[in-house]
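Hello,

I am passing a structure on to you, and I hope you enjoy exploring it. Please have a look, and then read on for some notes on its aromatic rings.

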Amino acid sequence: MSSDASSTGLTRQALRLARALERRKRRNRLANYSPYTKQREFHDAGATHRERLFMAGNQLGKTLAGSFELAAHLSGRYPEWWCGRRFEGPGRYWAAGETRLSTRDTVQKLLVGPPERPAAWGTGAIPGDAIVAISRAAGVANAIDAVTVAHVAGGASTLLFKAYEQGRAKWQGDTLHGVWFDEEPPPEIYVEGLTRTNATGGFVMLTFTPLKGMSEVVRMFLGDEISGRAAAVEEGG
C-alpha cells in the first residue's frame, strides 16, 4: 500500500471516530453541562429550599437550567460539581408549560430533542442511552405524554408532560418527587403542583420571564426566602 493510500485510510478512520464521538456527545449533553453563576445558584438552592424560582429575560438560560436539573434527577447522573438536591433512587416527575403545544416546543424539546425529528429524540438534556421508553400524546403532532428513564441506582424514573390549559382537575391525584413549571403558572395550578410533592418532600421549580409583573406567584418568592422558597433573579431580564 502506498503512503498516500495509507494516509487516506487513517484520515477516514479519524473522521469516523470524530463523528462517533460527536454523536455520543449529542446524546449525553448532561455530562457537559456547565452552568453560569445564576444557574448554579438556582441549582444549589435546591439543597435547602423545596420551592424555587429562576426569573430572567428571554434567552438567558433559565429554561435550559430547568431541563438539565430535571434530567439529573430523572437519571441520577448528577455532575461532580452538583451541590443541589439529590435523590438516591428513581422518582416520578411532571414538566409543564402553558399549553400542550408550548410544552412540546420548549420543555419537551430541551429534555428529549427536536419534536419534529423523532429520530433525534435522545439528544436533549436527558441522556439518550438512559431513555427506556417514550409514549406519544394524542391530539398534538409529535407531542410526548411520558418518558421512562433508567436511573443509575436501578429501576426507572417516569416523566410526564402537562399543560396549565388542562385545568386544575388534571393536576390532582398523583404523588410526585418534583414538578417543573416553565412559564408562570396560574396560582391554583402552582398550588396543585406543590401539593403533589408533599408526601415525598419533593420539590417544585419555576423558570419564567415575569410577563405578568408583580403577580401573586411572583410575590410568593420575592423577599420570602425564610418560608422555604428561593428566587434567582437575572437582572435586566
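A good place to start is Phe87, which is buried, its relative accessible area being 11%. Please keep in mind that this is a predicted model. Tyr93 is buried as well, with a relative accessible area of 0%. These two residues, Phe87 and Tyr93, form an edge-to-face aromatic pair, with 6.1 Å from centre to centre and 80° between the planes. Searching the whole structure turns up 14 aromatic pairs.

Another of these pairs is worth a look. Tyr190 and Phe221 also meet edge-to-face, at 6.1 Å centre to centre and with 75° between their planes. This pair links distant parts of the chain: Tyr190 belongs to helix H5 (residues 187–195) and Phe221 to helix H6 (residues 216–221), and the two are 31 residues apart. Tyr190 has a relative accessible area of 1%, so this residue counts as buried, and Phe221 is buried too, at 1% relative accessibility.

If you step back from the single pair, you will find a cluster: ring pairs connect Trp94, Tyr164, Trp171, Phe181, Tyr190 and Phe221.

Finally, two charged side chains deserve a mention. Lys162 places its charged end over the ring of Trp94, 4.4 Å from the ring's centre. The charged end of Arg229 sits over the ring of Phe221, at 6.0 Å from its centre.

Happy exploring, and best wishes

Technical notes. Residues numbered from 1 in each chain as written. Predicted model: local features only at pLDDT ≥ 70, side-chain atom pairs only at ≥ 80, totals over all residues. Heavy atoms only, no water. Phe/Tyr/Trp six-rings, centres within 6.5 Å; stacked < 30°, edge-to-face > 60°. Buried < 20%, exposed > 50% of the residue type's maximum accessible area, 1.4 Å probe, protein only. Helix = DSSP H or I, 4+ residues; strand = E, 2+ residues; numbered from the N terminus. Lys NZ or Arg CZ within 6 Å of the ring centre and 35° of its normal.
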